[in-house]
Every structure is written in C-alpha cells, then in structure tokens.
Amino acid sequence: MSETTGASYASAGVDIEAGDRAVELMKEWVKKTQRPEVLGGLGGFAGLFDASALKRYERPLLASATDGVGTKVDIARQMGVYDTIGHDLVAMVMDDIVVCGAEPLFMTDYICVGKVHPERVAAIVKGIAEGCVLAGCALVGGETAEHPGLLGADDFDVAGAGTGVVEYDRLLGADRIRTGDAVIAMASSGLHSNGYSLVRHVVFDRAGMTLDQRVEELGRTLGEELLEPTKIYSLDCLALTRTTDVHAFSHITGGGLAANLARVIPDELHATVDRSTWAPGAIFDLVGKAGQVERLELEKTLNMGVGMMAVVPAESVDVALATLADRGVEAWVAGEITERGAHTTGAELVGDYAK
C-alpha cells in the first residue's frame, strides 16, 4: 500500500518561514522611519500612533490617501532591482497628502508576491522606509501576502496608505486661489510612476528596445531611466507653507499636468501654463518619437518634466523660488491665474516647449 502525504500550506506554495525571515530582515529599515509618536514595534496586528500629539492643533484635520506604482513594478522585476520602487510608492501616497497642506504622519504598505524571497521583500521595504524618511513620516506597519498560482514566482505588486494632519484654517485648495496668482512648477525626476503602460508599449513593443540598451540621449541605459525613483516633494512643499503664503499645490500624476492642475482651480478662474518656460527631459521626447505619440496624448499621460505645482501670490514668487532653490528643488514660474472667461477647462498649456 502506498503512503500519501497530507496537504499543507507549504505544499500549496505558501512559505511561512520565508515570510518570518522577511520580517526579520525588514525590521532594521522600519526602525529608521520612527517618529516620537509611534508606539510598539513591527510585528503587532496594528501600528500605533499616539494621537495626543495632535493636541497642539486647534482643529486638526486628518488627510488620507492610498495608491500603488502601477506597471513600473515590472521594470523593477525585469531588472532585478527592488530597493527603489518603495520611493515611488511613498511619493505617490504622501505627495497626494501634502497637496492640502497636511504634514505626513504615518504610512502602511501592502506587498503581494507570487513567492516570498526574503531578501527581495526586505529590499522593497528598505525603499519604502527610505522614502518615508524623505517624506518625514513613519512606517508603522504593513502586510506581505504570498499568492502562488495567481502570481508567478518573481511577480509582485505594492500598494500603500498614508495619513497626515493639517490645521483647519491652514487647509490649502481652490478657495484660496485668486486672480493674478503665479503657478510655480517643480521639476520631476523623470517619468515618476505614471504612464508606464504607454511607455512599455512604445519602447518594447513598437521600438524593440531593451532595458540594458544604452541610450545616448538619456546618458544611461533605458532600464536605469525607467527605474528612476519618483521625487518626493512632501518636505519641500511644507517648507513653502512656512516661508510664504501658498494657496494650493497640485501633484502631477495620472492624467497629466493640465488635468491635475485643474483639480485645484476654482470654477470662476483659469490657469494658463506656458510650455516655453521649460524643456521636458529626453525620455519624454524619446517616447513621443518612438511611438509617434501626439503631443496632446503625451501630455494627458505623462508629467512632461513637472512633478508638483504650487499656486502662490505674485508677490511671494521670489521667496518661494528661493526656498525651493535652498532645498535643491529646480523650480520656475510656469503660468498664472486669470478669470475663466470663455474657457471651459480649469487649466491649459499654451505655446511650445523650450529646446
């Protein structure tokens, strides 16, 4: 009579010991993100944040956001580089939160893999932790899930959620914007984390390029360019709120510059952004030419070299630009706020890009 072995979680493809090993490896990185308000350590069922820290606010508003990094994770998988994608995740979440003027407080992450490779998961968390330090928030917990049969052994995805706080009377947004305000653009570090489905289709399927291919216009390989981490603007934006009278921020993500800027423009006003005030990086030109992508389609999909925008009073421009320059942020006046008039949209791009 033949002996049979009973089914187990391991035989179904889930390795609990590997998951425990991953947790041990990531602890040192999570510890680097801790703020004084964080209680307990990694491994509990919930992350704890001491809300008594909010007593200094007269009317604290909690701001929350959640996001992922889309198909950029496939670039990381193909390149075998896992310690930068976390920067992208933090940027996508915390730079949404700071738009309303909120200080980032804490974040949690969710990492889904086909098979737990402890060092790989720890590298992803390392990137998230480093991103949290750059955003000034704590990483208070997360989840690593193994989904054998649904994802390949090397496949993964990441998502996160964050919380911030802003004083009620310091809340930024459309109601603060006035005619004559200036629109300041802050340079992106590249594609950031949006539009990768279009980019991958263009460079791989249409142009036949490879990740290890060196591209002279980029000054590095295609893979290095595509994996460039998203810039995290959270602390830069908060610095602006301390030095000048910021009226609004706009995080330039999916949908492009005009659509995202329009989200913070009141119904009766209009934002005009002059393309001639900057030259998009070489990657944007490469995607456009390689895929014969029309300019308007590029602008609806990619950030075109601008990752964050600030709307400030005209008299605050010099201080705002000086503040950003002191922090190493490339920024410039890109447009202005006028009456809506016959315009049907809240924001538009005019002119041609600088060469």
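# Reading a predicted fold, feature by feature

Guide: In helix α7, the buried residues are S234, D236, C237, L238, A239, L240 and T241. Keep in mind that this is a predicted model.

Visitor: How many of the residues of helix α7 are buried?

Guide: Start with the cut-off: buried means under 20% relative accessible area. Helix α7 covers residues 234-243, and seven of its ten residues are buried. The helix is therefore mostly covered.

Visitor: Let me try a single residue. Where does A122 lie?

Guide: A122 belongs to helix α4, residues 118-135. Now apply the cut-off again. A122 has 8% relative accessibility, so A122 counts as buried.

Visitor: How far apart are A122 and D83 in sequence and in space?

Guide: Treat the two distances separately. Along the sequence, 39 residues separate A122 from D83. In space, the gap is 8.4 Å from C-alpha to C-alpha.

Visitor: Next, a charged residue. Is D74 buried or exposed?

Guide: D74 is buried, because its relative accessible area is 18%. That value falls under the 20% limit. D74 sits in helix α2, which runs over residues 72-79.

Visitor: Which side chains does the side chain of D74 contact? I would start with R77.

Guide: R77 is right: the two side chains make a polar contact of 2.8 Å. The side chain of Q78 is another partner of D74, at 2.9 Å. Here is the general idea. An α-helix has 3.6 residues a turn, so residues three or four places apart point the same way.

Visitor: On to strands. How many residues of strand β7 are buried?

Guide: Strand β7 spans residues 182-187, and six of its six residues are buried. Look at both faces. A182, I184 and M186 point one way. V183, A185 and A187 point the other way. Both sets are buried.

Visitor: What strand is joined to β7 by six bridges?

Guide: That is β12, residues 306-312, and the two strands run antiparallel. One bridge to look for pairs A182 with V312 of β12. Strand β7 also pairs with β13, residues 331-339. That pairing is antiparallel too, over five bridges. There, V183 has G335 of β13 as its bridge partner.

Visitor: In what order do the strands of this open sheet stand?

Guide: Read across the six strands: β10-β12-β7-β13-β11-β14. The pairing is mixed. Then check the ends. β10 (248-251) and β14 (347-350) each have a single partner strand, so one side of each has no neighbour in the sheet. On average, neighbouring strands are turned by 25° against each other, ignoring direction.

Visitor: In which sense do β10 and β12 pair?

Guide: They pair in the antiparallel sense, with four bridges. Find A248, and its bridge partner in β12 is V311.

Visitor: There is an open sheet of four strands as well. What is its order?

Guide: The order is β3-β6-β4-β5, again with mixed pairing. Its edge strands are β3 (60-68) and β5 (138-146). Each has a single partner, so one side of each is left without a neighbour in the sheet. Here the average turn between neighbouring strands is 15°, direction ignored.

Visitor: In which sense do β4 and β5 pair?

Guide: β4, residues 103-113, pairs with β5 in the parallel sense. Eight bridges link them. To locate one, match D109 with G142 in β5.

Visitor: Now for empty space. How many cavities of 30 Å³ or more does a search of the whole structure find?

Guide: The search finds two. Take the second largest, with a volume of about 40 Å³. Its lining is V113, K115, H117, R120, I124, A153, D154, D155 and F156. Sorted by class, that is four nonpolar, one polar and four charged residues.

Visitor: What about pockets? How much space lies in the second largest pocket?

Guide: About 340 Å³. Sixteen residues line it, and the closest to its centre are P280, D285, M304, Y353 and K355.

Visitor: Which helix gives the most to that lining?

Guide: α9 does, with five residues. α9 (282-290) and α10 (295-301) each supply at least two. By class, the pocket lining has nine nonpolar, two polar and five charged residues.

Note on methods. Residues numbered from 1 in each chain as written. Predicted model: local features only at pLDDT ≥ 70, side-chain atom pairs only at ≥ 80, totals over all residues. Heavy atoms only, no water. 1 Å grid on protein atoms, 1.4 Å probe; cavity = no way out; pocket = protein on both sides within 12 Å on 5 of 7 lines; lining within 4 Å. Points joined across faces, edges and corners; volume = space filled by probe spheres on them. Nonpolar A, V, L, I, M, F, W, Y, C, P; charged D, E, K, R; others polar. Buried < 20%, exposed > 50% of the residue type's maximum accessible area, 1.4 Å probe, protein only. Polar contact = N/O pair within 3.5 Å; in protein donor to acceptor, adjacent residues only side chain to side chain. Pairing = 2+ DSSP bridges. Axes fitted to C-alpha atoms, helices over the stretch in contact; angles between N-to-C directions.
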